[in-house]
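Subject: Handover of a structure

Dear colleague,

Please find below the structure that I am handing over to you. After it I set out what was found, with each term explained where it first appears.

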Amino acid sequence: MAYLSDEKISFGIVIVGGGPAGMAAAVAAYDAGERDILILERDNALGGILRQCIHNGFGLHRFGEELTGPEYAYKYERMVEERGIAYMLDTMVIGIDKERNLTAVNRDRGIFTIKCGAIILAMGCRERPRGALNIAGTRPAGIYTAGTAQKYVNMKGYMPGREVVILGSGDIGLIMARRMTLEGASVKAVCELMPYSGGLARNIEQCLNDFDIPLYLSTTVVEIHGKERVEAVTVAEVDERRRPKLETARTIPCDTLLLSCGLIPENELTKDAGIPLDAITNGAVVNGDRETDVEGIFACGNVLHVHDLVDYVSEEAVIAGTSAVRYIRGESGRDADIALKTDGRVRYTVPQRITSLKDTVVYFRVADVYKDAYLVVKRGEEVLYKRKKQKLAPGEMETVKLTEEMLKGDGGELRLSIEMA
Ligand SMILES: Cc1cc2nc3c(=O)[nH]c(=O)nc-3n(C[C@H](O)[C@H](O)[C@H](O)COP(=O)(O)OP(=O)(O)OC[C@H]3O[C@@H](n4cnc5c(N)ncnc54)[C@H](O)[C@@H]3O)c2cc1C
């Protein structure tokens, strides 16, 4: 459990957020030899969003077994406890500056400041709410983000409604379509604005097709009906510019609308610290060590870019944790400055630049569905890597390994692109 004497006002590495990213970063930093580590978590337990994800499908890559979210989180909690890594719960970090002074608040101490050797940002992300979606209609009860509904059902034992329409086919929406069905609700439709789903292919199969729940692509909710409680929603198809085709409008009676319309990395602290953000990921711009543009501040997990698999979150957190240890020992060593650029079909990469000549795994997402296309990495006109991909989809995060050999050579820029066969 947490310890922090009143006198202790500095730490080697402080981690903001005790979800899977924060815990994995702490464990990696400890295993790399650092002992002066503190995790700060605003909730009343470690585990982050995994605590409410009681379905299985976690940990296949990392542990070679299929775990539920709480089981995956518990494995890391055990590792944190076994190593005696300090953490404080119910503690909200409210400010960070470029000199790595961190301000936090909790009930015992009030507001306090910690001087940090390095900081790892691991605050996760939040869901896009109704207010950000511009849906016409009244403001009745019965409209929830999918994650809020998940918390009600899985943690509080409260059923948000019986007749459900889901807007957005991201993974949380798909998982909740199945969850609500299993709890006895009738899920009438999942509507997706885009012509493809934003979720994993396996979730479409296991959460919709297995339960005969219809997925309507290129379709959105144009109006919500009901005064006290949702009574129906009107849905309509959209054209290629995503404008509703009102002649296709039809009304679906329901008492609940769940929104699964995207996740936003929790980067208020990052912005306050003056750390530049990537316009596409809404997370910090980082190098291969997951160090931001402010020296000694690192980022990993969903606060950096939205991941679909927690296994990749843990993988990335290990990079951030070990890099932070090298940083406070003065061993960061930079021997390159290579910017990673994209062609638009590749929407973004993480990292966005590489500052050491070593094998580096680059995560990326594509802008559309591409079949039988080539992923190509070039320096100028020189092709360094070309691999055929059967299918690339925005909902599935992809990786490519850039070897030390590929990174060597003239020119400070590599370009990732998708070429059609
Ligand atoms: C509904 C849902 C279903 C999913 N299904 C799967 C699946 O089937 N398989 C799979 O592998 N992955 C799945 N994932 C993805 C996986 O759960 C996430 O990628 C992972 O939890 C992200 O970890 P994180 O540590 O970055 O963020 P989080 O888990 O969100 O943790 C962030 C933590 O930071 C804390 N925090 C934030 N701000 C502050 C602050 N200012 N001060 C202190 N603490 C703060 C938060 O309270 C939270 O505990 C799913 C995710 C969701 C939401």
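**Residues with a positive phi**

Arg242 sits in the loop between β16 (232-237) and β17 (250-253). Here and below, helices are DSSP runs of H or I with at least four residues, strands are DSSP runs of E with at least two, and both are numbered from the N terminus. Please note that this is a predicted model: local features need pLDDT of at least 70, side-chain atom pairs count only at pLDDT 80 or more, and totals for chains, interfaces and linings use all residues. Residues are numbered from 1 along each chain as its sequence is written.

Most residues other than glycine have a negative phi, and most peptide bonds are trans. Arg242, however, has a positive phi near 65°. Arg290 also has a positive phi, near 65°, and is found in the loop between α7 and β20 (297-299).

Is each of these two residues buried or exposed? A residue is called buried if 20 or more other C-beta atoms lie within 10 Å of its own, exposed if 12 or fewer do, and partly exposed in between, with C-beta atoms placed from the backbone. Arg242 counts as exposed because it has 11 C-beta neighbours inside 10 Å. Arg290 has 27 C-beta neighbours inside 10 Å and therefore counts as buried.

**A cis peptide bond**

The bond from Val350 to Pro351 is cis, with omega near 5°. Pro351 belongs to the loop between β22 and β23 (353-354).

**Domains and the ligand**

The domain assignment divides the chain into domain 1 (10-126 + 264-331), domain 2 (129-261) and domain 3 (340-420); such bounds come from an automatic or database domain assignment. The centres of domain 2 and domain 3, taken over C-alpha atoms, are 34 Å apart. Between these two domains, 5 residues of domain 2 are in contact with 5 residues of domain 3, where contact requires C-beta atoms, placed from the backbone, to lie within 7 Å. On the side of domain 2 that touches domain 3 there are 2 nonpolar, 3 polar and no charged residues. In this scheme Ala, Val, Leu, Ile, Met, Phe, Trp, Tyr, Cys and Pro count as nonpolar, Asp, Glu, Lys and Arg as charged, and the others, Gly among them, as polar.

Where does the ligand lie with respect to domain 1 and domain 2? Both domains give residues to the shell around the ligand, so the ligand lies between them. There are 37 residues around the ligand, and Gly17, Gly19, Gly48, Gly124 and Gly301 come nearest; a residue is near a molecule or strand if its C-beta atom, placed from the backbone, lies within 6 Å of it. Elements giving two or more residues to this shell include α1 (20-31), β6 (92-96) and α8 (310-328). The shell consists of 19 nonpolar, 12 polar and 6 charged residues.

**Leu269**

Leu269 is placed in helix α7 (residues 268-272). Leu269 is buried because 21 other C-beta atoms lie within 10 Å. Apart from neighbours within four places in sequence, Leu269 is in contact with Val16, Val93, Ile96, Leu121 and Met123. Leu269 and Ile96 are 173 residues apart along the chain, yet 6.3 Å separates their C-alpha atoms.

**Strand pairing**

Two strands pair if DSSP finds at least two bridges between them. Strands β22, β24 and β27 form an open sheet of 3 strands, in the order β22-β24-β27 and with antiparallel pairing. Its edge strands, each pairing on one side only, are β22 (346-350) and β27 (398-402). Within it, β22 and β24 (residues 360-366) pair over 4 bridges in the antiparallel sense, and Thr349 stands opposite Phe364 in β24.

Strand β28 (residues 413-420) runs parallel to β21 (residues 338-342), joined by 4 bridges, with Ala339 opposite Glu413 in β28. Strand β25 (residues 370-379) runs antiparallel to β28, joined by 6 bridges, and Tyr374 stands opposite Glu419 in β28.

Finally, β6 pairs with β7 (residues 101-106) over 4 bridges in the antiparallel sense, and Gly95 stands opposite Thr103 in β7. The hairpin of β6 and β7 has 4 residues between the strands, and in this hairpin Arg100 takes a positive phi near 65°.

Yours sincerely,
A colleague
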